[in-house]
Amino acid sequence: MEDQLKPREKLEKYGPQSLKDEELIAIILRHGVRNYNVFDVSEQILKKYKTLSELVDVSLEEISKEKGVGKVGAINLKAALEIGKRYHLQKLRQKYQKVTSPEEAYHVCEDMIYLTTETVRAIFLDSKLHIITIKDISNGTVNMSIAHPRDIFREAIIYNAVSFILVHNHPSGDPTPSMHDIDITKKIMESGEILGINMNDHIIIGKDSYFSFTLDRSEKID
């Protein structure tokens, strides 16, 4: 009987957790096209992109070209996926209000695994390692971030931070530090010693792992 219910009826009766991924997509898209209903469309999308996490990385233009989706459907779907990402990140940041380890730093910046260009971010901390704020410092290219120590310390002074954790992503998925990463880490640490604002760690985020300069090794994420 449950399988005979339409997705909206099923959601109303049993809650959103009762719906399959393709049923949730069908609700977002609302309708298909002639001789190709919305369930055919949603099944086609998941068959091609496999999972919702893979679908997050697909461009608006590419999704809109799928049969039965169109520009409006693609916009609705991308917006829904973005809401899911932001909800997940906000829940993590509520959980980790204090950052005491590289793994916790990774989790509060976990959204960076979805970024397609290198972004430099700083987690600014008070004397008890509570998060004051998290700021994106700069955006770079596919394989090079652009950050200068003055940009980081300017923000640290504005927010009266005692210390900070530097975080950036590698869109390639491999968190192994480059020579540029090693050089800039050394410069920022030296600048922090002069200014009295410590860099507690530099985390490089990959697809399913991260590198910590404090630990001097990569760690896998389960």
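A nonpolar patch, as the word is used here, is made of residues with over 30% relative accessible area and no salt bridge, whose nonpolar side chains are joined within 5 Å. With that in hand, let us walk through this predicted model, starting on the outside and working inward.

On the surface, Ile132, Ile158 and Tyr159 make up such a nonpolar patch, and together they have about 260 Å² of accessible area. If you want to find Ile132, look in strand E2, which runs over residues 131-139. Ile132 counts as partly exposed because its relative accessibility is 33%, and partly exposed covers the range between 20% and 50%.

Now let us turn to the interior. The largest nonpolar core has 18 residues, and Cys109, Ile123, Ile165, Val167, Ile203 and Ile205 are those with the most contacts inside it. Two or more residues each come from helix H7 (102-108), strand E1 (119-125), strand E3 (163-169) and strand E4 (198-205). Of these, H7 gives the most, with three residues. Val167 is a good place to stop and look around: leaving aside residues up to four places away in sequence, Val167 touches Cys109, Met112, Thr119, Val120, Arg121, Ile123, His202, Ile203 and Ile205. Another core lies apart from this one; it has 17 residues, including Ala26, Val38, Val69 and Leu77.

Ala26 brings us to helix H2, which spans residues 21-29 and has Glu23, Ile25, Ala26, Ile27 and Leu29 as its buried residues. Among the elements that cover these buried residues are helix H1 (7-14), helix H3 (38-49), helix H4 (52-56) and helix H6 (70-95). After H2 comes Arg30, and its phi is positive, near 75°.

One name on the list of buried residues in H2 deserves a closer look: why does Glu23 count as buried? Its relative accessibility is 12%, and buried means under 20%, so Glu23 falls within that class. What surrounds Glu23? Not counting residues up to four places away in sequence, Glu23 touches Pro7, Lys10 and Ser18. Within the stretch left out of that count, a polar atom of the Glu23 side chain lies 2.7 Å from the backbone nitrogen of Lys20. For a sense of distance across the model, follow the chain from Glu23 to Asp181: these two are 158 residues apart in sequence, and their C-alpha atoms are separated by 44 Å.

How values were computed. Residues are numbered from 1 along each chain as its sequence is written. This is a predicted model: local features need pLDDT of at least 70, side-chain atom pairs count only at pLDDT 80 or more; totals for chains, interfaces and linings use all residues. Side-chain values use heavy atoms; hydrogens and water are left out. A nonpolar core is a set of buried Ala, Val, Leu, Ile, Met, Phe, Trp, Tyr and Cys residues joined through side-chain atoms within 4.5 Å. Buried means under 20% relative accessible area, exposed over 50%, partly exposed in between (1.4 Å probe, protein chains only). Helices (H or I, at least four residues) and strands (E, at least two) are DSSP runs, numbered from the N terminus. Contact means heavy atoms within 4.5 Å. Patches are made of residues with over 30% relative accessible area and no salt bridge: like charges are joined within 9 Å, nonpolar side chains (Val, Leu, Ile, Met, Phe, Trp, Tyr) within 5 Å. Accessible areas come from the Shrake-Rupley method with a 1.4 Å probe; for residues, only the protein chains shown count as cover. A salt bridge is a side-chain nitrogen of Lys or Arg within 4 Å of a carboxyl oxygen of Asp or Glu. A polar contact is a pair of N or O atoms within 3.5 Å; within protein, one must be able to donate a hydrogen and the other to accept it, and residues adjacent in sequence count only if both atoms are side-chain atoms.
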